[in-house]
Structures are given as C-alpha cells and as structure tokens.
Amino acid sequence: MERIIKVRGLKKVFSMGRERITALDDISFDFYKGRIYCLLGTSGSGKSTLLNMLAGLEKPTGGEIIFKGRHIEKMTEKELADFRRQHIGFVFQNYNLLGDYTAIENVEMPLIFRNARRRLRRQEAKKMLACVGLKDRLYHKPSEMSGGQQQRVSIARAFVTEPEVVFADEPTGNLDTKTTTEMMELITGMARENDQTLIIVTHDLEISDYADVIIHIRDGKIENVEGETYEYES
Ligand code: ADP
Ligand code: MG
C-alpha cells in the first residue's frame, strides 16, 4: 500500500495573549492511498487544526508532515500554495464558493491555476457538474442555489483536478439528513472510483460510517483508531 502522508510528533500551540492553547499534542499517523479516513471528535478537540496542518493551510509548532515524500512543514507559503494546487482538493462546511461567479466558473477555478486552456476547462467543469447532478445549474450563482446544490458545486470543484487527497471539514454540517446522505455517497463514491485518499473531519458518528478508518481525536491527541492497527514504522 502506498503511503501518502506521514505525520510524526505533530504539535500545534496557539498563543492568545498570555494564554497558550495546545490544540495538537504529539500526533503520529500514516495515511494511505485510496482509503477514506474520518477524524472524529467533539467540538474543540483539534480536528480542524489537524486537517489544516495536513493540508498545508497552517504551520505546525513542531513535528513533521511528509506528504508524498516532501516535508510540507518546511515549505514557504508560496511553495505550499503550489503544492495544494497540485495535490489537494477541499470541501468546506460553508462551501467557500465565490459569490460573484457561476457554478461552472467556480469549478473551473482550480484548472485556471493549472494553466489549462479555456475550452478544456469549460469541458471538464461541465463534465464534473453533470457528475454531481447539476447539469441544469451551470450558470447559477451560489445565491441562486440551495445549500445542497452549493455543496455539490464545491465537491465538483474539489475533484475536478483529480487530486490525490481530498480534505473535507464538516462537509455536511449545514445540511439536512437526506442531503447529508446524498453528499456523503457522492464524495465517497468519487474518491473510491478514482482511488483517492479522503480525509473527513466530523463530530457526527453517522458520517464516520462511510470511513475505512476512524481516528478518534480528544484534547489534541489520538485517543483510539478503528479499522486499522495503530502501528507505524518510523
Ligand atoms: P475542532 O475542529 O475539533 O472543533 P479546532 O481544531 O478548531 O477544534 O480547535 C482546537 C482548539 O484550538 C480549540 O481549543 C480552539 O479554541 C483552539 N484554536 C483553534 N484555532 C485557533 C486559533 N486560530 N487561535 C487560537 N486558538 C485556536
Ligand atoms: Mg472544526
């Protein structure tokens, strides 16, 4: 099995005035290609902080994150931005779509950063929007769509570049039960089909049913791992 992300001794401390908050405390773990992981824990346990470090959105205070053989904790902001564009897709709770742009333009965006030609971009974005069931909403703006439809657009945007790893932070946090099931089936179905690694943050036990591996986070530590023996080589 191919290891995609190796995490060792990861630590994150936030300083707020005089107060110091240890959000992550000595996290070590291996993530493999094609598997679906869930970071499960209560609010404030450190899930989003961990996701943000793994995805190169925030810098750790200590420890190592080796993503596809590269130490991302040592990268500059510019290198990180390039790295994310090359290898990572994101789905957020609040969709994070650009409000002034149509569905198809939002989905095209990551392809622009990859210097894809306009015609090809349009074609790929259209195809992805059809995959997520939105072929009739190509020219709608986010404000003209339901929450579920906006999340479908954001899923299309996350997958359009065929990234090796897709990160999702509480992707169904704002959606009703029926839409939640639809979104989870969509995301996990796409990841399985393309053999992508999916890392989902949630506090919802039902969401964790979709994962191969459930990593229980508590007070910034891995409390317990289900679905895989919690052992790793150094
Ligand atoms: P979760 O996603 O599991 O709800 P977070 O990772 O957002 O938890 O937060 C973990 C802890 O770190 C919390 O105590 C939170 O208040 C703190 N924290 C998160 N982000 C920051 C920040 N930017 N500045 C200070 N403290 C933070
Ligand atoms: Mg969070």
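## A tour of two pockets

The largest share of the lining of the second largest pocket comes from H4, which gives four residues, so select helix H4 (118-131) to begin. One thing to keep in mind while you click around: this is a predicted model.

**Stop 1: the second largest pocket.** With H4 highlighted, add helix H6 (177-193); each of these two helices supplies at least two residues of the lining here. Now show side chains for the full lining: Glu124, Lys127, Met128, Cys131, Phe159, Val160, Glu162, Met190, Glu193 and Asn194. Colour them by class and you should get five nonpolar, one polar and four charged residues. The space they line has a volume of about 230 Å³.

**Stop 2: the largest pocket.** Next, move over to the largest pocket, which holds about 480 Å³ of space. To centre the view, pick Arg85, Phe90, Pro110, Phe113 and Arg157, the residues nearest the pocket's centre among the 17 that line it.

Which elements each supply at least two residues of this lining? Select helix H2 (77-87), strand S6 (88-92), helix H3 (103-112) and helix H5 (147-159) and you have them. Leave S6 highlighted for a moment: that strand gives the most to the lining of the largest pocket, with four residues.

Finally, colour this lining by class too. How many of its residues are nonpolar, polar and charged? Look for 10 nonpolar, four polar and three charged residues around the largest pocket.

Note on methods
Residues are numbered from 1 along each chain as its sequence is written. Chains are lettered from A and ligands numbered from 1 in the order in which they are written. This is a predicted model: local features need pLDDT of at least 70, side-chain atom pairs count only at pLDDT 80 or more; totals for chains, interfaces and linings use all residues. Side-chain values use heavy atoms; hydrogens and water are left out. On a 1 Å grid over the protein atoms alone, a cavity is a set of points where a 1.4 Å probe fits but cannot get out, and a pocket is an open set with protein on both sides within 12 Å along at least five of seven lines; lining residues have an atom within 4 Å of a point. Grid points are joined across faces, edges and corners, and a volume is the space filled by probe spheres set on the points. Ala, Val, Leu, Ile, Met, Phe, Trp, Tyr, Cys and Pro count as nonpolar, Asp, Glu, Lys and Arg as charged, and the others, Gly among them, as polar.
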